[in-house]
Amino acid sequence: MTQLLLFNVTNGLIIGAFYVLMALGLSLILNLSNVINFAHGGFLVIGGYIAYTITPYVGFWGALLLAPLLTAVIGLAVERVLIRPLYGRDPLYSLLLTFGLAFIIEDGTRFIWGAQGKPVTIPEFLAQPLSYEFFFITGYRLFMVLTVVASVALLFGLLRYTRLGIRIRAGTLDLETVAALGINVGMLRSLNFAVGIFLAGLSGVLAAGQLGLEPTMGTGLLMPSFIAIIVGGVGSLPGTLFGGLLIGVASGVTAVFLPSASEAIMYVLMAVVLLIRPRGLFGEEGMMT
Amino acid sequence: MSKGLDARGLLALVTVWAVLLLAPYWLPPLGGYTALGTRVLVLALAAMSVNFLLGFTGVLSFGHAAYFGLGAYGAGLSLKFLTMSSPLSILFGMLLAGVAGGLLGALIVRRRGVYFAMVTIAFGQVFYYIAFQWSSLTGGDDGLRGFSRQPLDFGWFSIDILSNEIAFYYFVLFFFALVTAVMALILRSPFGRTMVAIRENERRARFLGIPVERHIWLAFTLSCFFIGVAGALYALTNNFADPRGLHYSQSGDFVMMAVMGGMRTFWGPLLGAAVFVILQDYLSSVTVNWMSFVGLLFVLVVLFFPRGLLGVIRQTSRA
């Protein structure tokens, strides 16, 4: 029983770490540009398939870095062409646009790479379990968590110490004042969008190594990321981080006792948070109420 | 709609109803079939319910498929276990959807804007999982089967809506007319005007002493009742209820219909639903990737015609 519980908590943490990576990207874009990026799951899929395509040429490690970068470039183009014209309008329009875009991306990947799932090869030494007793902790899962930790640390460092990061944080609080101070807000939004999409691409590469690739895989991962943001509180990146881990562990633990509810528990958690603390656990009052 | 019935409005109204009433006669010659018209009506009613909120109160629910699905399961389950009456089953479906919407709406209206949309999706997904997991009642992944719509029995005569497609079309049209009439009446009432006031400027409405949360909650609940009727009709149309009908991608379809047709207009979603259903019917026979074409069309509408098709038609006819 203890081992089973440990197994599921670990599992939950790993999945939670994964949600965190997705949700942080979504959250960045939502906070600064007020865009709910429905196509975020689509960018995850693009990242995964790009990794699949370039791995034979650059190897797994090259793909781990290059695929998210290429995804971010695609994201940058999408932001420039499709999303930028909508900033002046009701935020609902950008939500609707990315919703349509998600369909196009899903069918596009199906068209290019086929509907069949694709396996992605990971380095041999990562595929081994670390020990017999804890068979479920493979090297790859540990590697996933470490990658997530590293990228979260990098992201928070970027936001805390670099000029770009400080501007992004300032823009989240008051974009008008930031614009009045002579900062190119359009550029800021583009770069911020690209950072968010980079994280989606990275999630895609990591997911590809664990689950294999399918054109529809992004959709299923989108909703937990939404919940992570709502539970953690819109506008708070630490909240998103915490929210992602929390729902991951909660669904892992529920899987032990009531497997059929392991997915629903996230929604229950969200309902409870909304009842008791509508702004989310770490959310500030008045942030996009 | 806003200035009451002027000549132009009356003309539009007469045109819409003439087209709908005569559909079984002009659809087949144009290469359509009556069941296609029925489908348009049902989905249009759902899209109009979503638009009741989106277009007239200004809040986007991205989880209305849940209440659509509740309407469907409510009707299906009542036909299976409780009653042999098709109209009664619609009533059950409507009540189930409306009551659930009213309860959850109290939580949902605490948020606004994009946050409102996210919360509605997430709550909608709860019902999707319930329908999916509670196999003993709902049939789970396979959907709810084992019921069928029943002939209408008026005592001294009965109408066979089960095998007669045209009779069933008029049956659906009757409920469509009933619900849209209620919608139109509400939108003309002081309450409806207040909804529009909230849409235009929520802060000002609040300063005028309007209890904004309560109004949005009421509008949300009403639209859940409306979409419950659509869901019940959908179950009767297919003699089947499907958990995928509760998924948020279905909500997205409704929103797409409303926006494509024109969300600031009363009849826009009807046009949107017609375009959507016809595209789906045609494209899915040509290509498996039909959703990307609908998605592309939708993206273009959002970028270039935010008023939707009917909005554009109206604008050019006025200019």
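These legends go with a set of close-up views of a predicted model with chains A and B.

**View 1. Chain B as a whole, a fold with 15 helices and two strands.** The C-alpha atoms of chain B sit in a box of roughly 55 × 45 × 45 Å along the principal axes. A compact globule of 319 residues would have a radius of gyration near 20 Å, and chain B comes in at 19 Å, so the two agree. Of those 319 residues, 49% count as buried. Take the contacts in chain B between residues at least 6 apart in sequence: 74% of them join residues at least 24 apart.

**View 2. Where chain B meets chain A.** The contact draws on 31 residues from chain B and 36 residues from chain A. On the chain B side, helix 6 (114–133), helix 12 (248–261) and helix 14 (290–304) each put in at least two residues. Helix 6 of chain B gives the most here, with eleven residues. Sort the chain B side by residue type and you get 21 nonpolar, seven polar and three charged.

**View 3. The largest nonpolar core, with Phe18(A) and Ile227(A) picked out.** This core holds 185 residues, and Phe18(A) and Ile227(A) are the ones that touch the most other members. Helix 6 of chain B gives the most to the core, with 16 residues. That is the helix that also gives the most to the side of chain B that touches chain A. Back at Phe18(A), if you skip neighbours within four places in sequence, the contacts are Val148(A), Ser203(A), Leu206(A) and Ala207(A).

**View 4. Helix 9 of chain A, residues 217–232.** At 1.5 Å a residue, the 16 residues of this helix should span 22 Å; the end C-alpha atoms are 24 Å apart, which agrees. Helix 9 of chain A is mostly covered, with 14 of its 16 residues buried. Just after the helix comes Gly233(A), with a positive phi of about 110 degrees.

**View 5. Two asparagines with positive phi, Asn34(A) and Asn239(B).** Most residues other than glycine have a negative phi, so a positive one is worth a look. Asn34(A) has phi near 60 degrees and is found in the loop between helix 1 (2–33) and helix 2 of chain A. Asn34(A) has 18 other C-beta atoms within 10 Å, so it counts as partly exposed. In chain B, Asn239(B) has phi near 50 degrees and lies in the loop between helix 11 (212–238) and helix 12. With 15 C-beta neighbours inside 10 Å, Asn239(B) is partly exposed too.

**View 6. Asp153(B), in strand 1 of chain B.** Strand 1 covers residues 152–153. Asp153(B) has 12 C-beta neighbours inside 10 Å, so it counts as exposed; the cut-off for exposed is 12 or fewer. Thr138(B) is 15 residues away along the chain, and the C-alpha atoms of the two are separated by 28 Å.

**View 7. Confidence along chain A.** Chain A averages a pLDDT of 85, and 94% of the residues score at least 70. Confidence is highest in helix 2 (residues 40–83) of chain A, at a mean of 91, and lowest in helix 4 (residues 124–127) of chain A, at 70. Where pLDDT is low, the predicted coordinates should not be read in detail.

Technical notes: Residues are numbered from 1 along each chain as its sequence is written. Chains are lettered from A and ligands numbered from 1 in the order in which they are written. This is a predicted model: local features need pLDDT of at least 70, side-chain atom pairs count only at pLDDT 80 or more; totals for chains, interfaces and linings use all residues. Two residues are in contact if their C-beta atoms, placed from the backbone, lie within 7 Å. Helices (H or I, at least four residues) and strands (E, at least two) are DSSP runs, numbered from the N terminus. Ala, Val, Leu, Ile, Met, Phe, Trp, Tyr, Cys and Pro count as nonpolar, Asp, Glu, Lys and Arg as charged, and the others, Gly among them, as polar. The radius of gyration is taken over C-alpha atoms; the globule rule is 2.2 Å times the number of residues to the power 0.38. A residue is buried if 20 or more other C-beta atoms lie within 10 Å of its own, exposed if 12 or fewer, and partly exposed in between; C-beta atoms are placed from the backbone. The expected span of a helix is 1.5 Å times one less than its number of residues. pLDDT is the predictor's confidence in each residue, from 0 to 100. A nonpolar core is a set of buried Ala, Val, Leu, Ile, Met, Phe, Trp, Tyr and Cys residues joined through C-beta atoms within 7 Å.
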